[in-house]
Amino acid sequence: MFILSTLGGIFSFITLGIVGAAVSVGAVLWIYSHDLPNEEQLATYAPPTISRIYSGEGVLMDEFARERRLFASAEEIPDLVKQAFISAEDKNFYNHAGYDPRAITAAVVEAVRTRGRDVRGASTITQQVMKNFLLSSDRNVERKIKEIILAARIEKTLNKEQILELYLNEIFLGQNSYGVAAAAQTYFNKSLEELAVEEAAYLAVLPKAPSRYHPVRQNERAVIRRDFVLREMYENGYITRGEYEVAVASPLRTVQSGDFVPFTAQMPPRDYFTDEIRRQLSRDFGEEEFFTSGLTVRATIDRELQGVAARALQRALETYDREQGIWRGTNVTLPSEVLGSETAWRDALSDADVPRDVNLDGPWQVAVVLDRGDRAMRIGVEDGPARAEVPRSDIAWMTGNFYDNFELGDVVHVRAEGDGWTLRQIPEVQGGFMAMDVNTGRVLAMQGGFSYQQSVFNRATQATRQPGSSFKPFVYAAALDSGYAPSTIVIDAPIEIDQGNGEIWRPKNASNKFYGPSPLRTGIERSRNLMTVRLAQDVGMDTVARYAERFGVYDGMEPLLANSLGSQESTLYRMVASYAMFANGGERVEPTLVDRIQDRYGRTVYRHDQRICETCADAVIEAGRGPRIISNRSQVMDAITAYQLTSMMTGVVERGTAARTVNLPVPIAGKTGTTNDAKDVWFVGFSSSIAAGCYIGHDQPRSLGRGASGGGMCGPVFNEFMAEAIKTYGAGPFEVPPGGYFVKIDRFSGARLPDDAEGDFVVSEYFREGEEPLFGMLAVVDGGFGMASDLPLFARGEGEVEGQLPVPEDQRVQTSTGEAVVVPGRATFGTLSSGGLY
């Protein structure tokens, strides 16, 4: 009886103890289960990943991210990689319910023994997911209990593969790499599928403390830990004995140890094009979204033409810079104490903060001045010879000799030239270039300065400058739509404008000369300021402003007459896009650097080209027949006006202000621009397929000097680029829109000529059907200037129209108020007041 009573007491004690422990555990779990994060949000968790930019050919160009992470789904992660991490971190992963009781018990005992000072790790992969996503990293009992509760819950919400996917994409593995896909690229420049057994095992070493297992600085420790993971993989049955022995015998070969080329070496250096994509998409999608959502961006860039554009602009800037004869160098000098040791100066040179992205007629390299002489200067080249010479003849372009311009230790740019070296310097003058498809708006090339590494400021998109005379086509477009024709005579003579503040504005032509009555065409070909101002005054600056805004040159244009000469600032990006609408017949086209954007799941979230393709879905397209594309874009200007303006602008290239520097085998239209004091020079032009433009000037505007002009400085850049562009994209005659007819005109006088007239003075002008053009005019009356016509648009003088006369040659006609000169053609004349200035 005593024995039974004793056993009963013991049983009761044990039972009560178990119940008490269960109640205690339950109470603890109840207490800590309140206010926990919602683990179900992990089911829809999308980790921040890299946004990547690809060329049209699918070549990776650039990537942007807060954290360097490439997302890989569970299906994309090889079993070998999963097995390595399971062996290293949680070999019972597939068997437990989110936590490991034995490991937890050991951790609790250790915590009690140390009074909470030391909480041993016993976290399963599931617990680590909870810690990384929903909890802090504090090492205490409270956080551990919450971790266990959440781990148990998540195991009921997600399956093992989903949990593993979260873990392998979230963990930090050193070198700014998050997730196994990014780490495989960072350490081995491989995809996950390409990893060898020992490489996967090394990645599995890193979650504990990446810096403790650096492949170079902590190589021995890293190899020991890697081999431990390999042994676990073998004991867990994931690899064979033979695979294990081969893997542990392999040295730790990584990018960091120089055994693999880093992935970044396969990408071009960041440039203006990809950085502008970053800027625009950060604006459109939000910066956080762009840097974290893993966008795949297909750029519009033509990589070959981008190189052509960069070299053409760089060549023009360097040519101008050398003409100034001033050596400025890099303004970086190495300390004298490193010059005596090749190892020391090479190390110091590699750390020198100077651009290394210029490739003009060969890559520019960095060098240091080691010695100077009368006839030569000795340099050490960063990735070249330790003893190279620059001859005296190489500095003939600059003022002074080697002693005047160089100090020992100066860091300079050089380029290999034949068997020797030539000095180079990054110009002080800057510029921008851009080219786009006139039908789609796809930007094919963009260069925002001489060197992106020297200055990230993009002069093609960010620099607002006065476009000068390159704005004039918009004035002429407004005039053509207001009843003017290319043959209409406009007076080139002095004009005074009362600006309303007591000041009188007296615009002048660049030549400081006056040319009298001239056809509209001549005004744009020869860039006549006075003719342009008269046109703007007659049409009205409000009308001109509406045209400029419609084309996108400005968001809001001040309707001041001075702005008809391009005084209000715009960007090269806007100007080129606007000119493209002249080339395509007046259709609105929006410039874009991006063809398509896909999210991390491959869904298209943006596509630029919204035109309709009627036959793209056809299973078969007949031989010789392309897809039928229907444009649904709005018409910005009348197609006939666009063609008339284009025809007039071809004259700029054929015989006008760009004739000396733009010479291509296809029809080209364009306009030069040179602002006051030649602070900024421009050329914007187009073929039937591509519009392109160049701007050159100082970042802090100042005169480029006498003789600087858009045709002389920017014309060669445009010509060099377009000579290559038309080889790929072709070009032909500009399309003539229906609804008009051609008439041969004397381009000097505006007089109508016979249909069989020939000669360099003959030009065929296009007129709208039903529009009977007038030819000839009254030019001078009583010392004043004016135009007489039976159309109110042109009849700006006082008096009566007296009749019409066929005029075979220049002759004087007596009017009621004085004598007038009649230009050959069919002239309508009348009386004009002596004060008329039109």
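Contact here means heavy atoms within 4.5 Å. I keep that cut-off at the top of the page for N563, my opening stop in this predicted model.

**Entry 1: N563**

I looked up which residues N563 touches. Leaving out residues up to four places away in sequence, I found F471, M541, M557, E558 and Q568. N563 itself sits in the loop between α19 (541-551) and α20 (572-583). Is N563 buried or exposed? It counts as buried, because its relative accessibility is 6% and the cut-off for buried is under 20%. I also checked a pair from far along the chain: N563 and V475 are 88 residues apart in sequence, and their C-alpha atoms are separated by 9.8 Å.

**Entry 2: the chain as a whole**

Next I stepped back for some totals. The chain has 838 residues, and 53% of them count as buried. I find 22 helices and 31 strands in its secondary structure. For contacts with a separation of 6 or more, 68% are between residues 24 or more positions apart.

**Entry 3: α16 and α21**

V475 made me curious about α16, which covers residues 472-481. I looked at how this helix packs with α21, residues 639-654. The angle is about 135° and the axes are 10 Å apart, so I note α16 as oblique to α21. The crossing is right-handed. On the α16 side I list P473, Y476, A477, L480 and D481, and on the α21 side T641, Q644, L645, M648 and M649. Sorted by class, the contact of α16 with α21 has seven nonpolar residues, two polar and one charged.

**Entry 4: α18**

From α16 I moved on to α18, residues 529-539. How many of its eleven residues are buried? Nine are, and the helix is mostly covered. My list of the buried ones reads N529, L530, M531, T532, V533, R534, L535, A536 and V539. I then asked what covers them. The cover includes three helices I noted down, α16, α17 (520-525) and α19, along with the strands β13 (489-492), β15 (504-505) and β16 (516-519). Just after α18 comes G540, and I wrote down its phi as positive, near 105°.

**Entry 5: α2 and α8**

Another helix pair for the notebook: α2 (residues 79-89) and α8 (residues 197-205). Their axes come within 8 Å and cross at roughly 45°, which means α2 is oblique to α8. The crossing is right-handed. Which residues meet there? From α2 I have L80, V81, A84, F85, A88 and E89, and from α8 V197, A200, A201, L203 and A204. By class, ten residues of this contact are nonpolar, none is polar and one is charged.

I also checked the cover of α2 on its own. Nine of its eleven residues are buried, and the helix is mostly covered. The buried set is V81, K82, Q83, A84, F85, I86, S87, A88 and E89.

**Entry 6: S749**

My last stop is a serine in a loop. S749 lies between β24 (740-746) and β25 (762-768). I put S749 down as buried, because its relative accessible area is 13% and buried means under 20%. Where does the side chain of S749 reach? I followed it to the backbone nitrogen of A751, at 3.2 Å.

Note on methods: Residues numbered from 1 in each chain as written. Predicted model: local features only at pLDDT ≥ 70, side-chain atom pairs only at ≥ 80, totals over all residues. Heavy atoms only, no water. Axes fitted to C-alpha atoms, helices over the stretch in contact; angles between N-to-C directions. Helix = DSSP H or I, 4+ residues; strand = E, 2+ residues; numbered from the N terminus. Parallel < 35°, antiparallel > 145°, perpendicular 65-115°, else oblique. Left-handed = near helix turned anticlockwise from the far one by under 90°. Nonpolar A, V, L, I, M, F, W, Y, C, P; charged D, E, K, R; others polar. Buried < 20%, exposed > 50% of the residue type's maximum accessible area, 1.4 Å probe, protein only. Polar contact = N/O pair within 3.5 Å; in protein donor to acceptor, adjacent residues only side chain to side chain.
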